[in-house]
Amino acid sequence: MWRSFPSLVSSVVRSQNAPAIRFSSTMKQFFDDEANFGKAELRPKNRPGRSWTEEELRLKSNSDLHKLWYVCLKERNMLITMKKAHISRARNMPNPERIDRVQESMDRIEAVVHERNDAVFKLETGESAAPRKRTITSFAGFTYKKQAIEHYSPPEASKKEYETPYLDDDAYMMQKLWQEKEFMKNRDRLDDEKRRETRTEDMDRFKRGAPRVFNR
Amino acid sequence: MITSRVLRLPRKPFVDLDYARHMPAAYVERVKRTVPRKVFGDRFGAPDIKMYYVHPDDYLPSHKRPWEDKQLSSHLQRADKYFSSQLSQQFFNLRRPKSQRIPDTEWTFFPGDLVQVMVGKDKGRQGLVLTISRDTSDVIVDGLHTRLGEDMEGSEKLGVDKTLRWQEQPLSVSKKQVMLVDPNDESPCEARWQLNPAGDEYIRVSTKSGYEIPIPSQAKVTYEYLQPENYIEVEGKDTPADAVLERTYMPKVASFEQEIMEDMGIKEERTPKPTFWY
């Protein structure tokens with residue numbers, strides 16, 4: 001019933017690629033340490049630690065962050081491969097939080113790089129490094145921020161969207177009805193909350209309704 | 001003149017003490033299943049519609065860790081129930097647990113503390129805290145407030161003999177079912193956080209006698225280590241601690257991309273044409 005895991009993994013690889021390609025060392029980088037195969041939970045000796053924090057990443061030079069990004073990317077690829085291999089064999093992957101740890105580190109690297117770029121861009125050009133946003137009004141009458149897209153040519157007359165102070169009839173009606181609906185939903189929500197607060201444990205226990213109160 | 005010493009706020013190290021301190025938040029949310037199944041976004045300015053696996057208001061915290069097998073399977077079952085009721089358009093009553101979470105700065109119980117049980121068959125007995133649960137404000141005391149329960153439920157169906165074991169039951173802190181023990185006279189007391197004489201750190205003192213109740217070393221235990229200094233670094237995976245804290249950043253007026261290009265010897269002589277953002 002229980003087949004050893006290394007042979008499983010290599011059989012997956014062999015079946016996917018033609019037999020000519022051997023399980024080379026390059027391919028091996030996509031797989032976890034063989035000591036971790038078939039474990040319910042990794043031993044502390046083989047279990048990687050916490051993710052990088054932003055404070056730690058701020059100490060590191062840009063080239064270090066660049067290298068660390070690729071280290072994390074390789075690790076993430078390996079973990080996703082292992083997850084896939086485990087799922088295809090209907091097994092649980094040991095310590096699946098490793099994927100989230102790597103992802104967290106990568107997100108934080110991005111945040112730190114953005115922070116640095118933002119400072120330089122604001123100093124040099126006066127603009128933020130964050131993607132540009134424009135305030136536009138949609139056909140339904142909502143005014144909201146939308147990320148601008150880079151184009152080679154200037155906008156045609158009808159292509160560019162703007163914020164409009166006065167809505168047309170349809171949008172106006174839409175907004176009226178929308179606000180009414182939201183108001184009623186909120187009123188009902190508050191009402192429910194109040195009713196839930198007045199409900200005591202005994203009412204649940206003895207399946208009793210709340211006392212009827214007239215002229216509230 | 002303002003010196004940096006004045007600006008430095010007293011530390012509150014107790015706020016970070018947690019078994020799940022280094023668990024990624026995304027993973028914890030995922031095992032709780034309080035993540036959206038599908039998000040209907042890009043609705044021309046109207047807010048997104050989110051369909052959850054388990055609605056956040058429906059999540060019932062427990063003194064067990066959410067990633068434990070039993071907890072996880074109960075979350076999955078709840079998600080199935082919720083989804084099937086959504087498919088058949090039936091009313092689904094969200095559980096909306098009422099328990100109020102005690103703020104981090106007011107929480108005073110930690111694993112390893114000596115506490116006294118105030119209720120139940122072990123009323124008046126003192127014991128050590130095994131685990132705490134911040135979400136439910138519960139504490140489990142070693143060997144006290146137990147109930148005889150099945151070790152493995154449904155074992156008889158599998159043909160294994162039923163084994164019973166004394167299982168510790170959670171004791172509520174907010175209902176004052178447990179109290180800390182005053183080191184002065186070994187009687188139950190309440191505690192609060194107070195600045196130490198040096199004024200740089202908060203310590204836990206008994207409100208009754210003013211004696212300090214030191215935080216036990218067991219409070220520092222996390223999933224990764226028993227004590228931070230005893231952590232075993234995995235070779236090939238973990239970055240050594242001294243390498244992590246080494247400073248290599250030198251600020252420079254160049255963007256990240258420019259600096260990497262310079263490092264790798266990539267030269268860009270083309271000038272980009274003007275583009276239009278809209």
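The legends below describe close-up views of a predicted model, centred on chain B and its contact with chain A.

**View 1. Overall dimensions of chain B.**
Chain B contains five helices and 13 strands. Along the principal axes, its C-alpha atoms fill a box of roughly 80 × 65 × 45 Å. The radius of gyration of chain B is 26 Å, whereas a compact globule of 278 residues would have a value near 19 Å. Of the 278 residues of chain B, 18% count as buried. Among the contacts in chain B between residues at least 6 apart in sequence, 53% join residues at least 24 apart.

**View 2. The side of chain B that touches chain A.**
In this interface, 32 residues of chain B are in contact with 45 residues of chain A. On the chain B side, α2 (25-32), α5 (256-263) and β13 (276-277) each supply at least two residues. The element that gives the most is α5(B), with four residues. By class, this side of chain B has 20 nonpolar, five polar and seven charged residues.

**View 3. Helix α4 of chain A against helix α5 of chain B.**
Helix α4(A) spans residues 62-88, and its axis comes within 9 Å of the axis of α5(B). The two axes cross at roughly 90 degrees. An angle of 65 to 115 degrees counts as roughly perpendicular, and α4(A) and α5(B) are therefore roughly perpendicular to each other. From α4(A), the contact is made by A:N62, A:S63 and A:H66. From α5(B), the contact is made by B:F256, B:E259, B:I260 and B:D263. The residues of this contact divide into two nonpolar, three polar and two charged.

**View 4. Strand pairing across the two chains.**
Strand β3 of chain A (residues 150-151) is joined to β13(B) by two bridges. The two strands run antiparallel. Within this pair, A:E150 has B:W277 of β13(B) as its bridge partner. Strand β13(B) is also one of the elements that supply at least two residues to the side of chain B that touches chain A.

**View 5. The six-stranded open sheet of chain B.**
Six strands of chain B form an open sheet in the order β8-β5-β4-β3-β9-β10. The pairing in this sheet is antiparallel. At the edges stand β8 (171-172) and β10 (188-189) of chain B, each with a single partner strand, so one side of each is left without a neighbour in the sheet. Inside the order, strand β4 (residues 126-133) of chain B is joined to strand β5 (residues 138-141) of chain B by four bridges. In this antiparallel pair, B:I132 stands opposite B:V139 of β5(B).

**View 6. The pair formed by strands β6 and β7 of chain B.**
Strand β6 (residues 146-150) of chain B pairs with β7(B) in the antiparallel sense over five bridges. Two of the residues of β6(B) can be followed to their partners: B:L148 is bridged to B:W166, and B:R147 is bridged to B:Q167. Is this pair buried or open? Strand β7 (residues 164-168) of chain B has five residues, of which zero are buried, so β7(B) lies largely in the open. Strand β6(B) is hardly covered, with a count of zero buried among its five residues.

**View 7. Surroundings of B:V15.**
Residue B:V15 lies in the loop between α1 (4-7) and α2 of chain B. With 13 other C-beta atoms within 10 Å, B:V15 is partly exposed. Not counting residues up to four places away in sequence, B:V15 touches B:D104 and B:T105. The C-alpha atoms of B:V15 and B:E106 are separated by 9.3 Å, although these residues are 91 residues apart along the chain.

**View 8. Surroundings of B:K50.**
Residue B:K50 is found in strand β2 of chain B, which covers residues 49-52. It has 14 other C-beta atoms within 10 Å and is partly exposed. Leaving aside neighbours within four places in sequence, B:K50 is in contact with B:P36 and B:V39. B:V129 is 79 residues from B:K50 in sequence, and the C-alpha atoms of the two are 40 Å apart in space.

Note on methods:
Residues are numbered from 1 along each chain as its sequence is written. Chains are lettered from A and ligands numbered from 1 in the order in which they are written. This is a predicted model: local features need pLDDT of at least 70, side-chain atom pairs count only at pLDDT 80 or more; totals for chains, interfaces and linings use all residues. Two residues are in contact if their C-beta atoms, placed from the backbone, lie within 7 Å. Ala, Val, Leu, Ile, Met, Phe, Trp, Tyr, Cys and Pro count as nonpolar, Asp, Glu, Lys and Arg as charged, and the others, Gly among them, as polar. Two strands pair if DSSP finds at least two bridges between them. A residue is buried if 20 or more other C-beta atoms lie within 10 Å of its own, exposed if 12 or fewer, and partly exposed in between; C-beta atoms are placed from the backbone. Axes are lines fitted to C-alpha atoms, for helices over the stretch in contact, and angles run from 0 to 180 degrees between N-to-C directions. Angles under 35 degrees count as roughly parallel, over 145 as roughly antiparallel, 65 to 115 as roughly perpendicular and the rest as oblique. The radius of gyration is taken over C-alpha atoms; the globule rule is 2.2 Å times the number of residues to the power 0.38.
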